[in-house]
Amino acid sequence: MATIPFIDLKAQYELIKDSVNAGIKRVLDHGQYILGPEVAECEKRLAALAGSKHCITVSSGTDALMAPLMALGIGPGDAVFVPSFTFTATAEVVLLVGARPIYVDSDSRLFNIDVNDLARHVAAVKKEGTHRPRAVIAVDLFGLPADYAALNKLCEAEGMALIDDAAQSFGGALHNKRVGALAPITATSFFPAKPLGCYGDGGAIFLDDDALLESLVSIRVHGQGRSKYEVERVGLNARFDTIQAAVILAKLDVFERELDRRQDVAAQYTKALGNAVETPQIPAGYRSAWAQYTILSDRRDAIAAALKEAGIPTAIYYPTPMHLQTAYRQYASGEGACPVAERLAKRVLSLPMHPYLESATIERICEVVRRAA
Ligand SMILES: Cc1ncc(COP(=O)(O)O)c(C=O)c1O
C-alpha cells in the first residue's frame, strides 16, 4: 500500500515546478541574494492579499513575533499574555526580550485563547502590581482565527498591544477581513509545512502603523540607522532571503486555489467522520486556513496506533502545554493552571492535511478512524 504523506510538498512542487525553477534562476542571474527585488515584490503582494497597509518580510515566524516586541520596547517589568496551548515560539520570544509570559487557557472546542480567562489574568496581574500588562499574543491555532472582536476590545480598553501569531493561519479570514488585517500587528511563518510555505525559513509581519514599520525596517538589519554603519538601536539579522521570496511568489499564484482545496478536504473529513470523534468547529463568519485538521477523542492514542498500523501518519500538536514545559514552568503554578489546555494535550490528534489529498485517501483515513474510535 502506498504511504500517505502528512503534508505533500512534492505534489505541490510537481505542479509549480516551472515557475519555482524560473524564479530561483532569475535570482541566481541577478545575484541580489540579500533583500533583492523579489523581497519587495513579495511584500507588496502579501500586503495586498492580507489587506494591510504594510508587510515586512523577515527570516522566520519566530523573528516576526520577536521584532514587534522589540519595536514596542517590551522588556523587563512587562507582562505578555500568551495561550499555553501553542507552539513554543509564542512563549519563547516573550522571555527573549526579558518580559514575563502569562499563560492563558484555551477554548475547549476552538483551540484558541479563552478571552474570559485572558481578562481574568490581566486583572490578576494588575492587582499583583509587579508587572505592567503590555501585550497579548493571540495564536490562530491550526489555521482558525482567534476572536479578534473581543481581543481588540480588551486590548484597547487595557492599553495593551495585540499581536496575531498567524504562523498557522495565513489565508484565513474573519467576517470578510483576511488574516493580516485582524489585529494591529500580525506575524506569520513561511516554514515549509505552513499553508503558505517557502523552501526554508521565513516569515512576515503585517501592520498599518508607519512609525512601527520604520522601527521594524531598522530592527531587521541590526538596528541600522539612516546610513549603513549607523546603529540606532539593538536589532537582529532577520532578513528574508531573496531565493525564498522567489519561492513564495511562485506559490502565491496557486495559494487561493489551495486554500479552497483545503476547505474541501476539511469538509470531506468532517462529513465522513460524523460523530465518531469531535471534529473541528468553525464559528459562523470564520474561515480557517486549515494548517491542520485536528480531531479530539478520549481514544486518541488507540486511533493514532490504528492509523500508524495502516501506514497513515498523524501528529500531536501539542503534547505538553507551555505552562508545563521544563523551560517555562517556573512562570506558572504547575498542573491545573490551564485545565482546558492540559485536557486538549491529551485528546488532540492531527490527520494528514494538504491541498492535494485525494477523496479516496480521505475516505480510507476516515474508515480507520471510525473503526478505532
Ligand atoms: C503558532 C506558531 N508560532 C510561531 C511559529 C514559529 O515560526 P517559525 O518556525 O517560522 O519560526 C510557529 C511555527 O512552527 C507556530 O506554529
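In this predicted model, Gly 274 follows helix H8 and has a positive phi, near 50°. Helix H8 itself is kinked by about 50°, with the kink centred on Val 254.

Helix H8, which spans residues 242-273, also contributes to the largest nonpolar core. That core has 46 residues. Its members with the most contacts inside it are Leu 46, Phe 81, Leu 118, Val 136, Tyr 148 and Leu 151. At least two residues each come from H8, helices H2 (37-50), H5 (115-128) and H6 (148-158), and strands S2 (78-83), S3 (100-104), S4 (132-139) and S9 (203-207). H8 gives the largest share, 7 residues. Beyond its neighbours within four places in sequence, Leu 118 is in contact with Phe 81, Val 104, Ile 113, Val 136, Leu 151 and Leu 154. A second core is separate and has 44 residues, including Val 80, Phe 142, Ile 219 and Tyr 328. In soluble globular proteins, nonpolar side chains tend to be buried together.

Several backbone features lie in loops. Most residues other than glycine have a negative phi, and most peptide bonds are trans. Phe 142 is not a glycine, yet its phi is positive, about 60°. Phe 142 sits in the loop between S4 and H6. Its relative accessibility is 4%, so Phe 142 counts as buried. Leu 35 also has a positive phi, near 50°. Leu 35 belongs to the loop between helix H1 (9-30) and H2. Leu 35 counts as partly exposed because its relative accessibility is 33%. The peptide bond from Tyr 317 to Tyr 318 is cis, with omega near 5°. Tyr 318 is in the loop between helix H9 (300-309) and helix H10 (339-347).

How values were computed
Residues numbered from 1 in each chain as written. Predicted model: local features only at pLDDT ≥ 70, side-chain atom pairs only at ≥ 80, totals over all residues. Heavy atoms only, no water. Core = buried A, V, L, I, M, F, W, Y, C linked by side-chain atoms within 4.5 Å. Buried < 20%, exposed > 50% of the residue type's maximum accessible area, 1.4 Å probe, protein only. Helix = DSSP H or I, 4+ residues; strand = E, 2+ residues; numbered from the N terminus. Contact = heavy atoms within 4.5 Å. Bend = angle between axes of the 7 residues up to and from the residue.
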